[in-house]
Amino acid sequence: MAKILLAEDDQSMRSFLATALQRAGHEVASYGDGMSALTRLHAEEFDLLLADVVMPGLDGVELARRAGDAKPGLKVMFITGFAAVALRARDREQPGARILSKPFHLRELVQEVDAILAA
């Protein structure tokens with residue numbers, strides 16, 4: 001299926017997300033911070049960046065901006081526990097990015113990932 005780069009600072013959430021995506025047939029490289037994810041992104045190709053919006057250090061929005069500069073055309077999906085409305089105002093920086101608000105069911109995550117990959 002797809003090769004996904006996951007950046008989520010909460011270890012248990014990161015593990016749940018990675019497991020759900022792997023069970024859906026995707027290859028997942030997961031990292032607990034934006035800088036580590038960005039380093040991996042420079043080393044290899046990915047189909048999708050799945051990033052938590054709020055992370056210490058390099059947050060998900062800045063990670064996506066830098067990833068887009070390095071890999072134009074990379075698909076981006078954000079996950080957030082905060083109001084997605086605030087992020088939508090920044091959509092000019094990441095046009096086409098999808099937002100999935102926490103809490104969500106893992107089945108919903110897989111459906112959203114499949115939809116953005118098919119687009």
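How many residues has helix H1, and what does it reach from its first C-alpha to its last? Select residues 11-23 to find out, bearing in mind throughout that this is a predicted model. Helix H1 has 13 residues and reaches 18 Å between those two atoms, which is close to the 18 Å expected at 1.5 Å a residue.

With H1 still selected, colour Arg 14, Leu 17, Ala 18, Ala 20 and Leu 21, the buried residues of this helix. They cover an arc of only 165° around the axis, and therefore sit on the same side of H1. Turn the view to the other side of H1, where Gln 11, Phe 16 and Arg 23 are exposed. After the helix comes Gly 25, and its phi is positive, near 100°.

Next, display what the buried residues of H1 pack against: strand E1 (3-7), strand E2 (27-31), strand E3 (48-52), strand E4 (75-80) and helix H5 (106-118). As a whole, H1 lies across E1, E2, E3 and E4, and runs at about 170° to E2.

Now hide the helices and look at the sheet, an open one in which 5 strands follow the order E2-E1-E3-E4-E5 with parallel pairing. E2 and strand E5 (98-101) stand at the edges, and because each has a single partner strand, one side of each is left without a neighbour in the sheet. From one strand to the next, the twist averages 20°.

Zoom in on E1 and E3, which run parallel and are joined by 4 bridges. Here Ile 4 can be picked out, standing opposite Leu 48 in E3. Bring back helix H3, which packs on the sheet and touches E1, E3 and E4, its direction making about 160° with that of E3.

Within H3, which spans residues 60-70, select Leu 63. Is this residue buried or exposed? Leu 63 is buried, its relative accessible area being 0%. To see what surrounds Leu 63, leave aside its neighbours within four places in sequence and show its remaining contacts, which are Ala 7, Gly 34, Ala 37, Leu 38, Leu 49, Ala 51, Met 55 and Leu 58. As a last step, draw a distance from the C-alpha of Leu 63 to that of Gly 34: the two residues are 29 residues apart in sequence, and 5.9 Å apart in space.

How values were computed:
Residues are numbered from 1 along each chain as its sequence is written. This is a predicted model: local features need pLDDT of at least 70, side-chain atom pairs count only at pLDDT 80 or more; totals for chains, interfaces and linings use all residues. Side-chain values use heavy atoms; hydrogens and water are left out. The expected span of a helix is 1.5 Å times one less than its number of residues. Buried means under 20% relative accessible area, exposed over 50%, partly exposed in between (1.4 Å probe, protein chains only). The arc is that of the directions from the helix axis to the C-beta atoms. Contact means heavy atoms within 4.5 Å. Two strands pair if DSSP finds at least two bridges between them. Axes are lines fitted to C-alpha atoms, for helices over the stretch in contact, and angles run from 0 to 180 degrees between N-to-C directions.
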